[in-house]
Amino acid sequence: MKRQNHKLLWTTLIAISVGVACSTSAAQAAEKSPEVASSVWEESNMQCASVSINGKDLIAFHAPAGSHSAEQRAEDLADKLQGLVEDDKFDASKIIPAREGELASIRLDGSTVLKFDCDDKSNPLDTSLKVVNSIRTACGVDALPASMAKVAEAASDKAAAATKGIAKLFSGPASWYGPHFHGKKCSDGSRFDMNKLTAAHRFLPFGTRLLVTNRKTGASCVVKVNDRGPFVGNRVIDLSRGAAKQLDMLGTGVAMVDCVVLGQ
């Protein structure tokens, strides 16, 4: 009886060890950075090159046969993308599409982390959104809605913020406030109307207009800053009930938003 118990104990320990090993391997696989690669081939007297992430094509380049420009562009972009996703500080949930002139770019926490050219007549914002969403999904993060292209366009160099020293685009959690404050005085001296499209921000000048987009639903609206706040946690803006309704966030209370400074 003792030998049977001893044998059972060893069997159980082995099973536990195998289970732990499998769990560890799965966790390591989940934490592994996406694999970025480039490939090149010739077709119809043209040199073709593409960049892929985890086997999914992101972007293609073309050049006359005998030229190495397409291959060089693909390899350069692949190296930059691989370096980006392998950075210890990289957070796929925070990257958004953008453009700088005719170049597509990727922004993280308000700063440009990568710029790259597009092939032929591709729209830089469309290309950037495709690359960004491919990276996000490869890292297990939800893709951004198509409306993010509109947000990126508003924050492009053609719509520079009128307020100097303030980022044209910022992102983060947003909350909303309503009935309890309705009719009370705002920081700019006006009376708070919860049904109007207004917002509270910690330091943006009163009267600043913002294009706010709910990152999950793609809903957006333009609000005017007339109050100070929010002063809770890491929230970047506090919206009126009217704005929250247009952004489809009344039920959730808090939503991840992207805000573009349009000026005053």
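## Two residues with positive phi

D248 sits in the loop that links α5 (241-246) to β12 (254-263). In this predicted model, its phi is near 60°, a positive value in a residue other than glycine. D248 is partly exposed, with a relative accessible area of 49%; the cut-off for calling a residue exposed is over 50%.

N45 has a phi near 60° too, again positive in a residue other than glycine. You'll find N45 in the loop between β1 (36-43) and β2 (46-53). With 68% relative accessibility, N45 counts as exposed, because exposed means over 50%.

## A cis bond before P230

Have a look at the loop between β10 (220-227) and β11 (237-240), as that's where P230 is found. The peptide bond running from G229 to P230 is cis, and its omega is near -10°.

## The three-stranded sheet

Now for β1, β2 and β3: these make an open sheet of three strands, in the order β1-β2-β3, and the pairing is antiparallel. The edges are taken by β1 and β3 (56-64), each with a single partner strand, so each has one side left without a neighbour in the sheet. Ignoring direction, neighbouring strands here are turned by 20° against each other on average.

Eight bridges hold the antiparallel pair of β2 and β3. For a spot to check by eye, take V51, whose bridge partner in β3 is I59.

Two helices pack on this sheet. One is α2 (residues 69-86), which touches β1, β2 and β3, and its direction makes about 10° with that of β2. Helix α3 (residues 124-138) also packs on the sheet, touching β2 and β3, with its direction at about 140° to that of β3.

## A closer look at α2

Does the length of α2 add up? What should its 18 residues span at 1.5 Å a residue? The expected figure is 26 Å, and the end C-alpha atoms of α2 are 26 Å apart, which agrees.

The buried residues of α2 are A70, A74, L77, A78, L81, Q82, L84 and V85. Looking down the axis of α2, you'd see these buried residues fall within an arc of 160°, so they line one face of the helix. Q72 and D79, on the other side of α2, are exposed.

What do the buried residues of α2 pack against? Their partners are β1, β2 and β3, along with β5 (103-108), β6 (111-116) and α3.

## Strand β9 and its partners

Further along the chain, β9 (residues 209-214) has five of its six residues buried, so the strand is largely enclosed by the rest of the structure. It pairs with β10, antiparallel, through five bridges. In that pairing, V212 stands opposite C221 of β10. The hairpin of β9 and β10 has five residues between the strands, and G218 in this hairpin takes a positive phi near 85°.

Strand β9 also pairs with β12 in the antiparallel sense, over six bridges. Here L211 has V260 of β12 as its bridge partner. As a reminder when you follow these pairings on screen, in a regular strand the side chains alternate between the two faces of the sheet.

Definitions and conventions: Residues are numbered from 1 along each chain as its sequence is written. This is a predicted model: local features need pLDDT of at least 70, side-chain atom pairs count only at pLDDT 80 or more; totals for chains, interfaces and linings use all residues. Side-chain values use heavy atoms; hydrogens and water are left out. Helices (H or I, at least four residues) and strands (E, at least two) are DSSP runs, numbered from the N terminus. Buried means under 20% relative accessible area, exposed over 50%, partly exposed in between (1.4 Å probe, protein chains only). Two strands pair if DSSP finds at least two bridges between them. Axes are lines fitted to C-alpha atoms, for helices over the stretch in contact, and angles run from 0 to 180 degrees between N-to-C directions. Contact means heavy atoms within 4.5 Å. The expected span of a helix is 1.5 Å times one less than its number of residues. The arc is that of the directions from the helix axis to the C-beta atoms.
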